Amino acid sequence: MQGEGIAIGVSDFKMLRVRNNYYIDKTLYIKNIIDNQAGVILITRPRRFGKTLNMSMLKYYFDITQKHNQELFEGLEILQQGEKYTSKLGYYPCIYLTLKDVNDMDYGRMILDLKTSMLNMYKQHMYLLDSDKIYEFEKAKIMDILYCREDENVLKNAVRDLSEYLNRYYERPVILLIDEYDVPIQNAYIKGYYQEAIDLFKTFYGTTFKDNPYLEKTILTGVSRVAKESIFSRS
């Protein structure tokens, strides 16, 4: 533990480090992620257990748009682990998606929440609109998402499409970070539209993960483990 002052409720790794708040060094978690050979890693912990902070740490470490972030990790364990691990600092294009706010009263409003989450995800990569590596029809789909006017088919494929665009733009595989993956399903169960939500997210996650050649690795966090009626395809 190091730093000055305890930042209660702060889940942004950069903010903690820049403000020199107390931080228990969990950066060997990055080493574990790199060493893990699974394509999809699901991490379940109780609420208020630091899941979002750890996801923020992963984004600041791996994200190619954050390649000048070495000072955030100075004095922490990950920079002592050798070139195999330090070479991954700022190496991968990253997609960060949080579903913590996809929790409205009915299915229609939940779809609007999901569109807002996709909007926030795509806003981080608006530079793609200026690239000649992205086709004009793809830019049109990006604009539809930025204006929340996509239909459900585009919505279901939004993460996979973005991974394809980033892979082509950077010519590197993509790391996908999904925080609070289970919030929409848990909320749908409580609010009474579980079957509609399950049908949507089975397709959404299946499209996102299964046979997606553009992903290096996917890390998901949530409170619950994969249920018996899984939203992830077993085939």
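Reader: Which residue is the bridge partner of Cys94 in S3?

Author: Happy to start there: the partner is Ile175. Before we go on, please keep in mind that this is a predicted model, in which local features need pLDDT of at least 70, side-chain atom pairs count only at pLDDT 80 or more, and totals for chains, interfaces and linings use all residues. Residues are numbered from 1 along each chain as its sequence is written, and side-chain values use heavy atoms, with hydrogens and water left out.

Reader: What makes S2 and S3 a strand pair?

Author: Strands are DSSP runs of E with at least two residues, helices are runs of H or I with at least four, and both are numbered from the N terminus. Two strands pair if DSSP finds at least two bridges between them. Strand S2 (residues 94-98) is joined to S3 by 5 bridges, so the pair passes that test. The two strands run parallel.

Reader: How do you know that S3 pairs with S4?

Author: By the bridges again: S3 and strand S4 (residues 215-222) share 5 of them, in the parallel sense. Val174 is partnered by Leu215 of S4, and Ile175 by Lys217 of S4. On top of that, strand S1 (residues 40-44) is parallel to S4 and joined to it by 5 bridges, with Thr218 as the bridge partner of Val40.

Reader: Why are S1 and S2 called edge strands?

Author: Each of them pairs on one side only. The sheet is open, has 4 strands with parallel pairing, and its order is S1-S4-S3-S2. From one strand to the next, the twist averages 10°; angles run from 0 to 180 degrees between N-to-C directions, and axes are lines fitted to C-alpha atoms, for helices over the stretch in contact. Helix H3 (residues 51-62) lies across S2, S3 and S4 and runs at about 165° to S3.

Reader: Why is S3 described as largely enclosed by the rest of the structure?

Author: Buried means under 20% relative accessible area, exposed over 50%, and partly exposed in between, with a 1.4 Å probe and protein chains only. For strand S3 (residues 174-179), 6 of the 6 residues are buried, so the rest of the structure largely encloses this strand. S4 earns the description too, because 7 of its 8 residues are buried.

Reader: How do you know that both faces of S3 are covered?

Author: In a regular strand, side chains alternate between the two faces of the sheet. Val174, Leu176 and Ile178 are buried on one side of S3, and Ile175, Leu177 and Asp179 are buried on the other.

Reader: Why is H5 called oblique to H6?

Author: Angles under 35 degrees count as roughly parallel, over 145 as roughly antiparallel, 65 to 115 as roughly perpendicular, and the rest as oblique. The axes of H5 and helix H6 (residues 136-146) cross at roughly 125° and come within 8 Å, which makes H5 oblique to H6. Contact means heavy atoms within 4.5 Å, and here Met118, Leu119, Tyr122 and Lys123 of H5 meet Ile142, Ile145 and Leu146 of H6.

Reader: What makes H9 roughly antiparallel to H10?

Author: The axes of helix H9 (residues 183-191) and helix H10 (194-209) come within 8 Å and cross at roughly 160°. That is over the 145 mark, so H9 counts as roughly antiparallel to H10. Their contact joins Pro184, Ile185, Ala188 and Tyr189 of H9 to Tyr194, Ala197, Ile198 and Phe201 of H10. These residues divide into 8 nonpolar, no polar and no charged; Ala, Val, Leu, Ile, Met, Phe, Trp, Tyr, Cys and Pro count as nonpolar, Asp, Glu, Lys and Arg as charged, and the others, Gly among them, as polar.

Reader: Why does Leu128 count as buried?

Author: Leu128 has 1% relative accessibility, so it is buried. This residue lies in the loop between H5 and H6. Beyond its neighbours within four places in sequence, Leu128 touches residues including Ile134, Ile142, Leu162 and Tyr169.

Reader: Which residues have the most contacts inside the largest nonpolar core?

Author: Met118, Tyr122, Ile178, Phe201 and Tyr205 do, in a core of 40 residues. Helix H5 (residues 107-123) gives the largest share, 8 residues. A nonpolar core is a set of buried Ala, Val, Leu, Ile, Met, Phe, Trp, Tyr and Cys residues joined through side-chain atoms within 4.5 Å. Another core, of 29 residues, lies apart from it and includes Tyr29, Ile41, Leu72 and Phe73.
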